[in-house]
Amino acid sequence: MQKTFGILGLCGVLAGCGVLGTVPEAGPANGDGQTRPQSRPEALQTETRRPPTSARTAEAFDTTTAEERAAAAAPAATVAEQALGSTIVSLGNPAQPGFWLETPLVTAAAKGRVVYPGTGETVQVDLIPIADGGSRLSLPAMRLLGVPLTDLVEVQVFSGG
């Protein structure tokens with residue numbers, strides 16, 4: 001009996017080893033050890049580079065090019081914007097490349113614009129709907145806006161930008 005329990009216990013431990021330390025394909029962990037479904041719709045994904053596994057600084061995690069940053073900082077091509085409101089943002093998953101905002105202010109994926117009143121800067125982003133309370137802004141977008149990466153700040157959000 002003792003030997004059977006030991007073997008079964010060892011099997012259970014070893015079965016879990018394959019999962020530890022990996023990021024699930026479904027999407028990043030949400031902080032409580034659970035995973036959430038991949039929130040970026042295929043239509044909004046661009047050809048972006050993932051940061052290297054050795055990345056430890058904001059510069060290393062930000063894989064955007066100068067051209068991508070210039071395009072994101074450019075004024076909106078259309079004037080058909082709709083103000084969605086203000087939201088408090090925190091830094092989103094720094095390993096998820098691109099310019100995006102996960103926010104409950106939208107119910108469907110869309111293009112949009114974020115303004116940080118603290119600097120007056122603006123950035124074009126992919127708006128990604130989420131169900132939970134806080135909004136999360138991508139590392140490249142926060143850097144372009146001049147938002148302190150460790151702060152919670154209020155930004156204004158517009159759709160159609």
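The protein has 4 helices and 6 strands in this predicted model. Along the sequence, these elements follow the pattern α-α-α-β-β-β-β-β-α-β. Of the 161 residues of the protein, 32% count as buried. The accessible surface comes to about 9,400 Å², and carbon and sulfur atoms contribute 60% of that surface. Among contacts with a separation of 6 or more, 69% are between residues 24 or more positions apart.

## The barrel

The strands form a closed barrel of 6 strands in the order β1-β5-β2-β4-β3-β6, and the pairing is mixed. On average, neighbouring strands of this sheet are turned by 40 degrees against each other, direction ignored. In general, strands of a sheet pair through backbone hydrogen bonds, and the sense may be parallel or antiparallel. The table sets out pairings of the barrel with the sense and the number of bridges.

| Strand pair | Sense | Bridges |
|---|---|---|
| β1 (residues 82–91) and β6 (residues 153–159) | antiparallel | 7 bridges |
| β1 and β5 (residues 135–137) | parallel | 3 bridges |
| β2 and β5 | antiparallel | 2 bridges |
| β2 (residues 100–103) and β4 (residues 121–129) | parallel | 4 bridges |
| β3 (residues 110–116) and β6 | antiparallel | 4 bridges |

Individual residues can be assigned to these pairings. Between β1 and β6, which are antiparallel, Val-89 has Val-153 of β6 as its bridge partner, and Ile-88 has Glu-154 of β6. On the parallel side of β1, where this strand is joined to β5, Leu-91 is bridged to Leu-137 in β5.

Strand β6 also pairs with β3 in the antiparallel sense. In that pairing, Val-115 stands opposite Gln-156 of β6. Strand β6 is mostly covered, with 5 of its 7 residues buried.

## Strand β2 and Glu-102

Strand β2 is joined to β4 in the parallel sense and to β5 in the antiparallel sense. In the pairing with β4, Thr-103 has Pro-129 as its bridge partner. Trp-100 and Glu-102 point one way from β2, while Leu-101 and Thr-103 point the other way, and all are buried.

Glu-102, which lies in strand β2, deserves separate mention. Glu-102 counts as buried because its relative accessible area is 0%, and the cut-off for burial is under 20%. Across the pairing with β5, Glu-102 stands opposite Arg-136. The C-alpha atom of Glu-102 is separated by 8.5 Å from that of Gly-134, although the two residues are 32 residues apart along the chain.

## The loop before β6

Gly-146 is located in the loop between α4 (139–145) and β6. With a relative accessible area of 41%, Gly-146 is classed as partly exposed, because that class covers values between the buried limit of 20% and the exposed limit of 50%. Apart from residues up to four places away in sequence, Gly-146 touches Tyr-116 and Thr-119. For Thr-119, which is 27 residues from Gly-146 along the chain, the separation of the C-alpha atoms is 6.6 Å. Of the residues touched by Gly-146, Tyr-116 falls within the range of strand β3 (residues 110–116).

## Aromatic rings and charge

The count of aromatic pairs comes to 0. A charge is nevertheless placed over an aromatic ring: the charged end of Arg-113 sits over the ring of Phe-158, 4.5 Å from the centre of that ring. Arg-113 falls within the residue range of β3, and Phe-158 within that of β6 (residues 153–159). These strands are joined by 4 bridges, and the contact between charge and ring therefore involves residues of two paired strands, given that strands count as paired with at least two bridges.

Definitions and conventions. Residues are numbered from 1 along each chain as its sequence is written. This is a predicted model: local features need pLDDT of at least 70, side-chain atom pairs count only at pLDDT 80 or more; totals for chains, interfaces and linings use all residues. Side-chain values use heavy atoms; hydrogens and water are left out. Axes are lines fitted to C-alpha atoms, for helices over the stretch in contact, and angles run from 0 to 180 degrees between N-to-C directions. Buried means under 20% relative accessible area, exposed over 50%, partly exposed in between (1.4 Å probe, protein chains only). Contact means heavy atoms within 4.5 Å. Accessible areas come from the Shrake-Rupley method with a 1.4 Å probe; for residues, only the protein chains shown count as cover. Rings of Phe, Tyr and Trp (its six-membered ring) pair if their centres lie within 6.5 Å; planes under 30 degrees apart count as stacked, over 60 as edge-to-face and the rest as tilted. A charge sits over a ring if NZ of Lys or CZ of Arg is within 6 Å of the ring centre and within 35 degrees of the ring normal.
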